Amino acid sequence: MTPVRVLAVASEVYPIVKTGGLADVAGALPVALKGHGVEMRTLMPGYPDVMRLLAGADEIRRWPDYFGGPGRLLAGSHDGLDLFVLDVPHLYARPGNPYVTAEGVDWPDNGVRFAALSRIAADIGHGLVAAFVPDVVHAHDWQAGLAPAYLHYDGGARPGTVMTIHNMAYQGKFDRTLAGAIGLPQHASFDVHGLEYFGGISFLKAGLQLADRITTVSPTYAHEIQSDEGGMGLGGLLRERAGVLSGILNGIDTEVWNPQTDPHIAYRFGAKELSFRSANKAALQQRLGLDPRPDALLLGVISRLSWQKGLDLLLESMPTILGNGMQLALLGSGDAELQDRYQGTARGHPGRIAAVIGYDEALAHLIQAGSDALIVPSRFEPCGLTQLCALRYGAVPIVSRVGGLADTVNETTGFTFGPVTSANLSAALGRASFTFHDKSAWRQLQLAGLATDVSWRNRAGEYATLYRNLVASRGRNA
Ligand SMILES: Nc1ncnc2c1ncn2[C@@H]1O[C@H](COP(=O)(O)OP(=O)(O)O[C@H]2O[C@H](CO)[C@@H](O)[C@H](O)[C@H]2O)[C@@H](O)[C@H]1O
């Protein structure tokens with residue numbers, strides 16, 4: 001079978017640059033697709049970390065003026081990933097987070113920065129790199145949303161296009177005058193079937209309107225975003241395009257997340273050695289200054305701190321946590337007010353509540369291995385990855401019944417609650433506390449979690465089928 005060639009376009013790719021789950025997916029999918037006859041290369045911006053890790057990459061093209069300054073397209077590989085890197089220093093050579101300044105404000109030229117990424121994706125789609133002419137261009141989130149738009153407005157033969165939504169809340173909204181500056185037809189910015197979005201333009205909307213296929217990262221979220229509330233302004237468009245919209249669950253990299261080989265945890269374990277988890281629990285308690293109590297139900301949280309994640313509700317459930325003798329280990333960063341409130345709560349309850357503000361991959365692994373339960377109380381959750389890691393590590397998930405959480409956790413593997421309120425979260429915590437004291441019932445939950453397939457194997461196959469069907473329906477580069 002001829003392999004399908006896919007150009008993936010993403011603004012972050014694990015293990016090179018990561019701010020959230022998008023990077024995990026963009027980094028794991030190409031590797032998982034190798035066994036499914038799909039040859040994927042990933043295009044990403046040349047941030048400083050990327051340039052450092054790909055120092056030996058080959059220059060394929062250079063331009064004296066690419067969106068206002070010199071630019072180059074490089075090809076190279078890192079950790080099993082085949083990459084194209086768009087090296088445009090005046091757009092990407094900035095330290096820190098890829099999207100925001102040190103003060104946490106969006107870079108004012110984000111529209112141009114990510115339009116440039118999509119423009120080059122479209123050009124690779126048209127055959128800019130003879131050695132890799134893609135059959136499909138697969139755009140991830142708003143930062144890549146203009147790739148299908150450029151391919152559409154360029155006219156002529158083009159590869160098939162797929163737009164994947166990892167989070168409906170980030171839509172890449174800009175003033176409509178930007179359209180001309182980034183080389184898109186001005187009329188497209190007034191066209192409700194083009195870029196136009198509530199008087200401005202939206203990169204995500206453009207991708208959703210103009211891609212051949214739309215996917216999101218769970219079947220339930222695919223359904224939820226067709227409502228006015230879940231669609232966050234794009235529900236009507238998605239209802240119209242329901243015929244080309246599907247949900248494919250995320251997996252996790254089961255090599256990176258393997259409790260039998262994990263270098264970040266205190267004591268490695270498999271399904272037959274669940275009791276060894278207690279050594280990780282003790283290590284976690286010690287590391288975070290929690291009381292060394294094996295009998296206390298230790299709750300873990302690993303999350304961006306944003307409205308989406310519902311962690312304000314967990315603060316409201318604090319009386320239930322404290323009243324039932326539970327402990328909490330939270331690792332997260334984001335919203336300044338939530339950071340302060342968690343740090344304040346931790347100061348008020350030493351030995352019981354610990355809050356580590358920051359991003360710490362090694363600690364995330366220890367929390368999965370050492371906490372008894374992992375809480376994900378999201379208001380909406382396209383898929384969610386931490387509950388998948390928890391299933392694999394024997395941390396029983398306690399999740400709200402939304403999006404991908406509803407598709408991946410059920411009463412045989414964890415605790416679910418809905419609607420998403422702190423009262424319902426408290427009730428779920430109460431049920432977990434009750435079950436925790438029945439050792440055999442708790443072990444059943446853990447074992448059912450460990451037996452759940454959270455790998456990419458089958459899910460990558462669904463993407464492969466999608467690409468193949470798309471190519472079959474429109475021909476290669478039609
Ligand atoms: N402080 C911290 N320290 C260390 N690691 C941390 C951390 N905070 C978060 N992480 C890690 O970052 C990743 C977060 O992924 P999620 O899927 O849970 O959420 P996110 O909202 O970023 O992703 C969006 O995209 C993904 C991918 O499609 C969807 O699953 C999800 O629903 C959607 O909101 C996980 O690997 C987690 O371990």
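**Exercise 1. Is R293 buried, partly exposed or exposed?**

Welcome! Before the solution, a word on the ground rules. This is a predicted model, in which local features need pLDDT of at least 70 and side-chain atom pairs count only at pLDDT 80 or more, while totals for chains, interfaces and linings use all residues. Residues are numbered from 1 along each chain as its sequence is written, and side-chain values use heavy atoms, with hydrogens and water left out.

*Solution.* Start with the classes: buried means under 20% relative accessible area, exposed means over 50%, and partly exposed lies in between (1.4 Å probe, protein chains only). R293 has a relative accessibility of 30%, so R293 counts as partly exposed. Now turn to the partner: D295 forms a salt bridge with R293, with the closest N and O atoms 3.5 Å apart. D295 is partly exposed too, at 46% relative accessibility.

**Exercise 2. Which parts of the chain does the pair D372 and K281 link?**

*Solution.* First, the criterion: a salt bridge is a side-chain nitrogen of Lys or Arg within 4 Å of a carboxyl oxygen of Asp or Glu. By this rule the count comes to 18 salt bridges. One of them joins the side chains of D372 and K281, at 2.7 Å from N to O. Next, place the two residues: D372 sits in the loop between α15 (361–370) and β16 (373–376), and K281 sits in helix α11 (residues 277–288). The pair therefore links distant parts of the chain, 91 residues apart, where helices (H or I, at least four residues) and strands (E, at least two) are DSSP runs numbered from the N terminus. Finally, check the burial: D372 and K281 are both buried.

**Exercise 3. Which residues of β6 lie on one side, and which on the other?**

*Solution.* Begin with the general pattern: in a regular strand the side chains alternate between the two faces of the sheet. In β6, V136, H138 and H140 lie on one side and V137 and A139 on the other, and all are buried. Strand β6 (residues 136–140) thus has five of its five residues buried.

Then look at the neighbours, remembering that two strands pair if DSSP finds at least two bridges between them. Strand β1 (residues 4–9) runs parallel to β6, joined by four bridges, and A8 has H138 as its bridge partner. Strand β7 (residues 160–165) also pairs with β6 in the parallel sense, over five bridges; here H140 stands opposite T164.
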